[in-house]
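These are my notebook entries on aromatic contacts and backbone geometry, written while I had the structure open.

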Amino acid sequence: MMERFDVIVVGAGPAGSTTAYRLAREGAGVLLVDKARFPRDKPCGGGISSRAMRELPLDPQPVVEHVADRMELSFCGGRPFVRGGRDPLAYMTQRRRLDHFLIEQAVAAGAEFRDGVAVSEISERGVRLDGRWIDSELLVGADGANGATARSLDLDGRRIYGVALEGNLTHGLVDPERWRSTVVIELGTIPGGYCWIFPKGEHINVGVGGWENTGPTLREHLKDFCKRRGLDYAKLEAVRGYRLPGRPPDAALARERALLVGDAAGLVDPLWGDGLYSAFVSSRLAARAALDLLAGRATGLASYAGSLVSELGLMMEFAWNAKVALDRFPRLALGALISAPGWRMVENMLRGEIREPGVERGIAGIAVRGFEAWGRHAQWPGAAYRIEAGLALEPRS
């Protein structure tokens, strides 16, 4: 007999596994599949921002290796400015551990998981898995930036890609106290991006990222960054590159019985490169739309796209404007970020206390309105995300 599930989720990264968890917890029959064998390594800085942590439907503390409450910012490796030290900004983990943990939680909630399988055909009503067709009421595409689901469903459209290159240095090769509780961000070196150091349990993660066209130069940027920080590039382990997918305004997110979540939908935050926050937001909204369809409260998944754009659109507007400001005027933008209003804004964003930057009040609102004024005056790309969210642009001064 043909196998049948309410929902098939293709891709078992954070977006896919949390979608499966949310659906299975509510009683849906869920099949979660992935071509890789788990646990598996995945290139990623591995930082769960506080705002992403608030969106998780379960507690990932068993796989959290380090908590960072400070950020060290600099321009081209010059004088560092350290901010924070009060509350957590990010929870550091490794994707090998995080992804496997989330899958385990989805299975415990009732989802069926199959890894190391070949998905040769994908449609809104099922998949062909290792040569056998499996039927479903609807399908969730969660197979990342390079996955086949979006292409198979004609939802790939145009993407705006960033690229990154990273590696790890064990604590035996560095002074772990130097990096304890601190996220290091260096601006002004790479067009469209930054250099970073993230502390982990037994190593530090060192990386660089920027616009897609910086790809051929990233290895040299990583070598130079290591040299500026007194780190031995030759001792880096697990050096690997990856793409960061950005979604342009009006790019399709769903069909009648299929939708995309996380990186498959191109939801990476263009300012921070944070894909986990939007992965967890999209999983929440995807599960809600899927449950409505399965219960007969909706006839399709159209509500998902509108909900996602409404929830993330204004933050994307701000993030794109701020990113272009940092790219074009890095020294000036850094000065804004390390000021009292600017740092309060950064803290509020990373902790998920800002969802609509334009309505932020108090000292943080000063910085928000400054970045937004730059963006509107120069007609930077963030305006299109506000229009997509159905909101009028304020008159430019």
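Entry 1, charges over rings. I began with Lys323, whose charged end sits over the ring of Trp211 at 4.6 Å from its centre; I keep in mind that this is a predicted model. I then looked up Arg243, which lies over the face of Tyr161, 3.8 Å from the ring centre.

Entry 2, ring pairs. I searched the whole structure for aromatic pairs and noted five. Trp211, already listed under the lysine, pairs with Trp320: the ring centres are 6.1 Å apart and the planes stand at 15°, so I entered the pair as stacked, the planes being under 30 degrees apart. I next asked which elements hold Trp211 and Trp320. Trp211 belongs to strand E15 (residues 203-211) and Trp320 to helix H8 (residues 302-328), so this pair ties together parts that are 109 residues apart in sequence.

Entry 3, a further partner of Trp320. The rings of Trp320 and Tyr385 have their centres 6.4 Å apart, and with the planes at 15° I recorded this pair as stacked too. Tyr385 lies in helix H12 (residues 382-388) and Trp320 in helix H8, so the contact joins parts that are 65 residues apart in sequence.

Entry 4, accessibility of these rings. Are Trp211, Trp320 and Tyr385 buried or exposed? I found Trp211 partly exposed, with a relative accessible area of 22%, whereas Trp320 counts as buried at 7%, and Tyr385 is buried as well, with a value of 4%. The cut-off matters for Trp211, because buried means under 20% relative accessible area.

Entry 5, a ring cluster. I also noted that Tyr194, Trp196 and Phe198 are linked into a cluster by ring pairs.

Entry 6, backbone geometry. I turned to the peptide bonds and found a cis one joining Phe38 and Pro39, with omega of about 0°; Pro39 is placed in the loop between strand E2 (30-34) and strand E3 (47-49). I then looked up two residues with positive phi. Cys76, although not a glycine, has a phi of about 55°, and I located Cys76 in the loop between strand E5 (70-75) and strand E6 (81-84), where its relative accessibility of 36% makes it partly exposed. Asp250, likewise not a glycine, has a positive phi of about 70°; the residue lies in the loop between strand E16 (237-246) and strand E17 (258-260), and I entered Asp250 as exposed, with a relative accessible area of 64%.

Methods: Residues numbered from 1 in each chain as written. Predicted model: local features only at pLDDT ≥ 70, side-chain atom pairs only at ≥ 80, totals over all residues. Heavy atoms only, no water. Phe/Tyr/Trp six-rings, centres within 6.5 Å; stacked < 30°, edge-to-face > 60°. Helix = DSSP H or I, 4+ residues; strand = E, 2+ residues; numbered from the N terminus. Buried < 20%, exposed > 50% of the residue type's maximum accessible area, 1.4 Å probe, protein only. Lys NZ or Arg CZ within 6 Å of the ring centre and 35° of its normal.
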